[in-house]
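Visitor: I would like to learn how to read a model like this one, feature by feature. Could we go through it together?

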Amino acid sequence: MRILPTRVPWPISIIARMISAKTQDRHVQPRLERYLSLADAAPSKHEYLAGSSALTAADITSIYPMDAAFYRYPCFRKKFPYCQAWLERVSQRPAFRKALEKVGEEHVSLHI
């Protein structure tokens, strides 16, 4: 995954990549795992995240971060199967498909 700008001078880019990798390993990934483990419990009991049978604001605001997490960390798909199933279910909704057509992308998150 590339987080650094592409125009970082060569000697600095090596150090910046090392710092970025450590940050990802020590801070970003563990926090994502905590978030997803909490979210993974909800869809296992209910169809949507807020524990209801209807789409709520919790589902809408979680689409982007879950899509980004599963894209950047493919190992999360097997580790959090209920979240993966929830994302696939939400992604098949007609309004969601229509929004993707307007954007012209197959994912909602930025893949940099």
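Visitor: Is tryptophan 10 buried or exposed?

Guide: Burial is read from relative accessible area: under 20% is buried, over 50% is exposed, and partly exposed lies in between (1.4 Å probe, protein chains only). Tryptophan 10 counts as exposed because its relative accessibility is 63%. This is a predicted model, in which local features need pLDDT of at least 70, side-chain atom pairs count only at pLDDT 80 or more, and totals for chains, interfaces and linings use all residues. Residues are numbered from 1 along each chain as its sequence is written, and side-chain values use heavy atoms, with hydrogens and water left out.

Visitor: Where is tryptophan 10 found?

Guide: Helices (H or I, at least four residues) and strands (E, at least two) are DSSP runs, numbered from the N terminus. Tryptophan 10 is in helix α1, which covers residues 10-45. The protein chain has five helices and zero strands, in the order α-α-α-α-α from the N terminus on.

Visitor: Which residues form a nonpolar patch on the surface?

Guide: Patches take residues with over 30% relative accessible area and no salt bridge; nonpolar side chains (Val, Leu, Ile, Met, Phe, Trp, Tyr) are joined within 5 Å, like charges within 9 Å. Here Trp10 joins Ile14, Ile15, Met18 and Ile19 in such a patch, and together they have about 570 Å² of accessible area. Areas come from the Shrake-Rupley method with a 1.4 Å probe, and for residues only the protein chains shown count as cover. The protein chain exposes about 7800 Å², with carbon and sulfur atoms supplying 59% of it.

Visitor: What about a residue on the inside, such as serine 62?

Guide: Serine 62 has a relative accessible area of 9%, so it is buried. It sits in helix α2, residues 57-72. A contact means heavy atoms within 4.5 Å; leaving aside neighbours within four places in sequence, serine 62 is in contact with Tyr35, Leu49 and Trp86. Of the chain's 112 residues, 29% count as buried.

Visitor: How many salt bridges does a search of the whole structure find?

Guide: The criterion is a side-chain nitrogen of Lys or Arg within 4 Å of a carboxyl oxygen of Asp or Glu. The search finds one: lysine 79 and glutamate 33 meet through their side chains at 3.3 Å, N to O. The pair links distant parts of the chain, 46 residues apart, with lysine 79 in helix α3 (residues 76-79) and glutamate 33 in helix α1. Both partners are partly exposed, lysine 79 at 46% relative accessibility and glutamate 33 at 23%.

Visitor: Which side chain does arginine 93 join in a polar contact?

Guide: A polar contact is a pair of N or O atoms within 3.5 Å; within protein, one must be able to donate a hydrogen and the other to accept it, and residues adjacent in sequence count only if both atoms are side-chain atoms. Arginine 93 has one of 3.0 Å with the side chain of tyrosine 48. Arginine 93 lies in the loop between α4 (81-91) and α5 (94-103), and is partly exposed at 31% relative accessible area.

Visitor: How many aromatic pairs are there?

Guide: Rings of Phe, Tyr and Trp (its six-membered ring) pair if their centres lie within 6.5 Å; planes under 30 degrees apart are stacked, over 60 edge-to-face, and the rest tilted. The whole structure has two aromatic pairs. Phenylalanine 76 and phenylalanine 80 have ring centres 5.5 Å apart and planes at 80 degrees, so this pair is edge-to-face. Both phenylalanines, 76 and 80, are buried, and ring pairs link Tyr73, Phe76 and Phe80 into a cluster.
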